[in-house]
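Hi everyone, and thanks for making the time. I'd like to walk you through a structure I've been looking at, so please have a look at the screen.

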Amino acid sequence: MAELITVDDPEDPRLRDYTGLTDVELRRRREPAEGLFIAEGEKVIRRAGLAGYEMRSMLLSAKWVEVMRDVIDEMTAPVYAVSPDLAERVTGYHVHRGALASMQRKPLPGSDDLLGTARRIAVLESVNDHTNIGAIFRSAAALGMDAVLLSPDCADPLYRRSVKVSMGAVFAVPYARLDTWPKGLETVREAGFRLLALTPDVKATAIEEAAPHRLDRVALMLGAEGEGLSTRALVAADAWVRIPMAHGVDSLNVGAAAAVAFYAVATGRPQD
């Protein structure tokens, strides 16, 4: 059973994992370097545990202690009980869900490890908005994508905002980073995947006509919000596909576009 520790000093060094959670640049540097990430809310914390992530500690407001009692009884890491005011002073924001956990990261698999068994993957280029990353992973999990590959400059899927938006779906879909871009796409092609670049360009084939669900192995390429895929990425693709639009709308948010594209890949997919 974990030790329940009441803390009333926001400068207590035991709370260091939770300091400055709203400082994006600080957390981007600290969390990967220190091998941790923050799970927020009861459901996300439970899903992280079920996915096999080791807990370093938990930070709870008093009313959440009993809610999380079964988790506390099974863990050995310390549990810090704090007032809502102190939690806000430590983290930098009002912790609405009243429960945070610092989790230990796992080593990322290599892209080759994922490509060996996957059939339907998403490949993201320069998607650096954490909300979009979380939304994409949630759709990828819900619609049966096997893996996600990230260009070197994509945002961290385990950043707190990404995890929260995905509702823990980042734990369900394996992912890896490509070491080089766009050269790394060659390893995807060599593994037998057809690279389909999602773009609103009128020269692209409508996604339903491309029938990605009929392909043996397909990699859907998605670019950053606004800019989309780079010219280099488009050139590296095997084909361009687009989502047909109505009412003069030229494009969708990348999170919404990903969900539509993933559904197109899943439609008619043979049951494994």
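I'll talk about pockets, then one helix, and then a few spots in the loops. Please keep in mind that this is a predicted model.

Let's start with the largest pocket. It holds about 470 Å³ of space. Which residues sit closest to its centre? Of the 24 residues in the lining, those are Leu-198, Thr-199, Pro-200, Ser-251 and Leu-252. If you want to find the walls by element, look for strand S11, residues 218-222, and helix H11, residues 254-266, since each supplies at least two residues of the lining. As for the chemistry, the lining of this largest pocket has 14 nonpolar residues, six polar ones and four charged ones.

Now the second largest pocket. Here the space is about 270 Å³. Its lining is made of 14 residues, and Gly-49, Met-55, Val-71, Glu-74 and Met-75 lie nearest the centre. The elements giving two or more residues to that lining are helix H2, at 42-50, and helix H3, at 69-74. And which element gives the most to the lining of the second largest pocket? That would be H2, with four residues. By class, we find eight nonpolar, two polar and four charged residues lining the second largest pocket.

On to the helix I promised, which is H4, residues 84-91. Its buried residues are Leu-86, Ala-87, Val-90 and Thr-91. They fall on the same side of H4, because they cover an arc of only 120° around the axis. What do these buried residues pack against? Their partners are strand S3 (55-61), strand S4 (79-82) and strand S5 (99-104). Just after H4 comes Gly-92, with a positive phi of about 95°.

That brings me to backbone geometry. In general, most residues other than glycine have a negative phi, and most peptide bonds are trans. With that in mind, here are some places to click on.

The peptide bond from Trp-181 to Pro-182 is cis, with omega near 0°. You'll find Pro-182 in the loop between strand S8 (175-177) and helix H8 (185-190).

Next is Ala-211, which has a positive phi, near 50°, and is not a glycine. It belongs to the loop between H9 and S11. Is Ala-211 buried or exposed? Its relative accessibility is 14%, so Ala-211 counts as buried.

Then there's His-247, another residue other than glycine with a positive phi, this time near 60°. His-247 lies in the loop between strand S12 (239-242) and H11. And where does His-247 stand on accessibility? At 84% relative accessibility, His-247 counts as exposed.

One last stop, and it's a second histidine. His-213 is in the loop between helix H9 (207-210) and S11. Its relative accessible area is 18%, and anything under 20% is called buried, so His-213 is buried. Along the chain, His-213 and Phe-262 are 49 residues apart, yet their C-alpha atoms are separated by 9.4 Å.

To recap the part I'd most like you to remember: the largest pocket has S11 and H11 among the contributors to its lining, while H2 gives the most to the lining of the second largest pocket. And for the loops, keep an eye on the cis bond from Trp-181 to Pro-182. Thanks for listening, and I'm happy to take questions.

Note on methods:
Residues numbered from 1 in each chain as written. Predicted model: local features only at pLDDT ≥ 70, side-chain atom pairs only at ≥ 80, totals over all residues. Heavy atoms only, no water. 1 Å grid on protein atoms, 1.4 Å probe; cavity = no way out; pocket = protein on both sides within 12 Å on 5 of 7 lines; lining within 4 Å. Points joined across faces, edges and corners; volume = space filled by probe spheres on them. Nonpolar A, V, L, I, M, F, W, Y, C, P; charged D, E, K, R; others polar. Buried < 20%, exposed > 50% of the residue type's maximum accessible area, 1.4 Å probe, protein only. Arc of directions from axis to C-beta. Contact = heavy atoms within 4.5 Å.
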